[in-house]
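Dear colleague,

Here is the structure we discussed. My notes on it follow below.

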Amino acid sequence: MSNPVAPGPRMGTLVGGELDLERGDVLVELLEKCADGLWNAERYELMAVIYKFIIPIYEKRRDFEKLAFIYNTLNEAYKKIIHVLHTGRRLLGTFFRVAFYGQSFFEEEDGKEYIYKEPKLTRLSEISERLLKLYGDKFGAENVKILQDSNKVNAGPLAYARAFLDDSKSSKLPTKKVKQLKEIFREFVSACSLALDLNERLIKEDQVEYHEGLKANFKDMVKKLSEITNEQVLTEDDLKCQLRSSLHVFSAISGTASGPSAFPASL
């Protein structure tokens, strides 16, 4: 057995492998801060582990008020765990993928992507404004522009459309293949329209602004695709058909379906 370790100020004394519970004030304070941090981080499963070190100290001191508080906190933590297990939902933070473009300004950071972790329920507009100000102050507001993901997503389909359906390119391809590719683009746009309509019915208030951005970018993409193909890729009839489909799917998702439009109960 090793010799007793000299105690630090108010940290308790380790004698024969056992902690002197009468002098653990600083340790208890640190452990309680740790437990508070776990509660705020929604890591409820770990709180019992921390309190296992604190409970014996308060039991020895017969501090029943503190013990009641701890057991009540654990009770609430276990309820939180049960709720998470039942719903499958626990928002531990909001994550954003941020990419930097501009060799003359970002140098070696040009083209690199980073994941930003923000407090939960942080809006896209909030982090966009913060980054715009940060790099606008550094490089000049006229030199910095924020491009949201939906713009980048639009760039892919438009690039393919220009590569194969532009007048100067499509004339060199078999007519059948060009017609087939145009039909694929119409189906793609139709699916995006349906997804946007469903999303609008399901989002919460804090997501409206981002959804409006998606709609604006979608309309811009449809316009550019129509210009490239010299055809309307989304007609009024398509929109009416998508509206009926979206209402049908939304009713099934929300559980409000009734009448002949509802999915069979056996599904």
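**Surface patch and cores**

Leu46, Val49 and Phe53 make a nonpolar surface patch of about 290 Å². Patch residues have over 30% relative accessible area and no salt bridge (a side-chain nitrogen of Lys or Arg within 4 Å of a carboxyl oxygen of Asp or Glu), and nonpolar side chains (Val, Leu, Ile, Met, Phe, Trp, Tyr) are joined within 5 Å. Areas are Shrake-Rupley values with a 1.4 Å probe, and for residues only the protein chains shown count as cover.

This is a predicted model, in which local features need pLDDT of at least 70 and side-chain atom pairs pLDDT 80 or more, while totals for chains, interfaces and linings use all residues. Residues are numbered from 1 along each chain as its sequence is written, and side-chain values use heavy atoms, without hydrogens and water.

Val49 lies in helix H2 (residues 47-61); helices are DSSP runs of H or I, at least four residues, numbered from the N terminus. Val49 counts as partly exposed because its relative accessibility is 43% (buried is under 20%, exposed over 50%, partly exposed in between).

The largest nonpolar core (buried Ala, Val, Leu, Ile, Met, Phe, Trp, Tyr and Cys joined through side-chain atoms within 4.5 Å) has 18 residues. Among those with the most contacts inside it are Met47, Tyr51 and Ile70. H2 gives the largest share of this core, eight residues.

**Positive phi**

Arg62, in the loop between H2 and H3, has a positive phi near 55 degrees. Arg62 counts as exposed, at 59% relative accessibility. Most residues other than glycine have a negative phi.

Regards

Conventions. Patches are made of residues with over 30% relative accessible area and no salt bridge: like charges are joined within 9 Å, nonpolar side chains (Val, Leu, Ile, Met, Phe, Trp, Tyr) within 5 Å. Helices (H or I, at least four residues) and strands (E, at least two) are DSSP runs, numbered from the N terminus. Buried means under 20% relative accessible area, exposed over 50%, partly exposed in between (1.4 Å probe, protein chains only).
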